[in-house]
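Got the viewer open and a selection box ready? Here is a short walk through the model, one stop at a time.

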Amino acid sequence: MNKFVAGIIVLAIAGGIYAYLEYNRKPADLKNKKAAAQVTAKELILLYTNYEDSANRKYLGKVVEVSGTIIRITNQPDSLVNILLGDSSLLSGVSCQIDSKHINETKMHRIGESLVIRGYCTGFLMDIELNRCVFVKQ
Amino acid sequence: MNKKIGLGFLWLTISFTAVAQKKIFTKNGIISFTSETRIEKIKAINKKALAVIDLEHNKIEFAVLIGGFEFKKALMQEHFNENYLESDKFPKALFKGSFNQPNVSISINENKTQRIQVQGNLTLHGVTKEIAIFAIITVKNKIISAQADFSVLLTDYDIKVPSVVSENINKEVQINVNVPSFSEM
């Protein structure tokens with residue numbers, strides 16, 4: 001009986017710890033996350049600007065790796081750092097909001113550079129929006 | 001919807017540097033919402049709202065991606081997207097409105113603070129409702145900023161909260177919008 005009670009107590013404690021950790025879990029760092037899809041910025045832009053619903057079915061809510069050329073880097077006072085990937089001949093781009101934990105890595109990159117960024121696709125307004133972005137080592 | 005640029009949604013602060021342009025816009029509007037009960041306070045923020053103001057016709061449009069709201073806790077963010085706002089089905093919230101008060105005029109060249117009423121349609125979770133909200137628009141040194149706070153009832157937009165967490169989530173959510181800077185279109 002004592003073993004049974006002890007087992008229940010252990011289970012209750014384990015359940016409590018799990019619930020606490022799960023409740024307080026932070027959004028995942030995408031540095032350690034596998035992408036669901038890999039695509040070039042140009043392909044992503046053309047798909048979203050022509051077939052938004054179809055593009056959403058493929059990419060919305062997923063972690064996506066996008067390869068492309070940096071056409072703009074924006075630093076804002078409220079620590080929002082954004083990199084726009086794409087092609088200057090296109091009206092839209094892929095707007096990558098860099099994860100605050102990885103903002104320092106932005107200093108290593110320049111306009112015109114080709115690179116790969118991994119981010120969480122949230123959809124399309126004027127640009128395709130990726131959040132919590134990280135730089136992918138090539 | 002495909003090729004259209006979605007514009008619209010909840011709004012609050014707009015700043016723009018400009019000369020005499022008729023339309024101004026930003027891709028970096030900040031929209032946050034807060035739900036507070038005696039048990040829990042939930043807050044999320046989206047710093048990439050799109051907003052356009054047509055100064056000639058007194059029209060305002062906002063758009064925000066639901067999946068772009070960030071929470072401190074992953075579990076809240078997952079429930080928000082998957083269970084409440086269903087961002088896979090309804091990825092955007094939109095607001096299209098206008099201000100038609102006869103005494104309102106916004107000019108980059110005139111420093112002024114005005115409280116204006118904006119009426120329009122808010123589309124959220126696939127439901128469109130007419131709303132009226134107040135905003136403060138300030139012009140100072142050729143920078144225009146606008147500010148507003150309002151609330152939405154979850155039931156108005158068919159957003160269902162499971163009974164098990166009904167005490168944790170306020171049925172009336174406070175919305176704050178803040179757009180730091182606008183550019184000429």
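What follows goes from the interface to its salt bridges, and then into chain B. Keep in mind along the way that this is a predicted model.

**Stop 1: the interface**

Colour by chain and select the residues where chain A and chain B touch. You should pick up 33 residues from chain A and 33 residues from chain B. Together the two chains bury about 2700 Å², and carbon and sulfur atoms give 50% of that area. Now narrow the selection to A:Y23, A:L125 and A:M126: these supply 26% of the area that chain A buries against chain B, more than any other three residues.

What holds hands across the boundary? There are 12 residue pairs in polar contact between chain A and chain B, counting pairs with both residues at pLDDT 80 or more. To see where the chain A side comes from, switch to cartoon and show α1 (2-23), α2 (41-50), α3 (52-59), β4 (94-98), β5 (114-124) and β6 (128-136) of chain A, which are the elements that give two or more residues to the side touching chain B. Colour that side by residue class and you get 12 nonpolar, 11 polar and 10 charged residues.

**Stop 2: salt bridges between the chains**

Side chains of opposite charge can pair when their charged atoms come close. How many salt bridges are there between chain A and chain B? The count is 4, while a search of the whole structure, over all chains, gives 12.

Start with A:D127 and B:K27. Their side chains form a salt bridge, at 2.8 Å from N to O.

Next, select A:R25 and B:E78, whose side chains meet in a salt bridge at 3.0 Å, N to O. A:R25 sits in the loop between α1 and β1 (37-40) of chain A, and B:E78 in helix α1 (residues 74-84) of chain B, so this pair joins two chains. Are the partners buried, exposed or partly exposed? A:R25 is partly exposed, with a relative accessible area of 28%, and B:E78 is also partly exposed, at 28%.

**Stop 3: salt bridges inside a chain**

Hop over to A:D99 and A:K101. Their salt bridge has its closest N and O atoms 3.6 Å apart. Turn on a surface here: A:D99 is buried, at 6% relative accessibility, whereas A:K101 is exposed, at 53%.

In chain B, pick B:E86 and B:K89, a salt bridge with its closest N and O atoms 3.1 Å apart. B:K89 is exposed, with a relative accessible area of 55%. Before moving on, add A:E22 to your earlier pair: salt bridges that share partners join A:E22, A:R25 and B:E78 into one network.

**Stop 4: helix α1 of chain B**

You have already met this helix through B:E78, which lies in α1 (residues 74-84) of chain B. Select its buried residues: B:A74, B:L75, B:M76, B:Q77, B:F80, B:N81 and B:Y84. What do they pack against? Show α1, β5 and β6 of chain A together with β1 and β2 of chain B, and you have the partners. After the helix comes B:E86, with a positive phi near 45 degrees.

**Stop 5: strand β1 of chain B**

Select residues 23-36 of chain B. This is strand β1, and it is mostly covered: 11 of its 14 residues are buried. In a regular strand the side chains alternate between the two faces of the sheet.

Now bring in the partners one by one:

- Strand β2 (residues 41-54) of chain B pairs antiparallel with β1(B) over 11 bridges; look for B:S35 opposite B:I42 in β2(B).
- Strand β8 (residues 172-178) of chain B runs antiparallel to β1(B) and is joined to it by 5 bridges; B:F33 stands opposite B:I175 in β8(B).
- Strand β9 (residues 183-184) of chain B is also antiparallel to β1(B), with 2 bridges; here B:F25 faces B:S183 in β9(B).

**Last stop: the hairpin**

Follow β1(B) to its end, where a hairpin of 4 residues connects it to β2(B). Select B:T37, found in the loop between β1 and β2 of chain B. Is B:T37 buried or exposed? B:T37 is buried, with a relative accessible area of 19%. Show what surrounds B:T37: leaving aside neighbours within four places in sequence, the residues in contact with B:T37 are B:E167, B:N168, B:I169 and B:N170.

Conventions:
Residues are numbered from 1 along each chain as its sequence is written. Chains are lettered from A and ligands numbered from 1 in the order in which they are written. This is a predicted model: local features need pLDDT of at least 70, side-chain atom pairs count only at pLDDT 80 or more; totals for chains, interfaces and linings use all residues. Side-chain values use heavy atoms; hydrogens and water are left out. Contact means heavy atoms within 4.5 Å. Buried area is the accessible area (1.4 Å probe) that two parts lose on being put together, summed over both. A polar contact is a pair of N or O atoms within 3.5 Å; within protein, one must be able to donate a hydrogen and the other to accept it, and residues adjacent in sequence count only if both atoms are side-chain atoms. Ala, Val, Leu, Ile, Met, Phe, Trp, Tyr, Cys and Pro count as nonpolar, Asp, Glu, Lys and Arg as charged, and the others, Gly among them, as polar. Buried means under 20% relative accessible area, exposed over 50%, partly exposed in between (1.4 Å probe, protein chains only). Two strands pair if DSSP finds at least two bridges between them.
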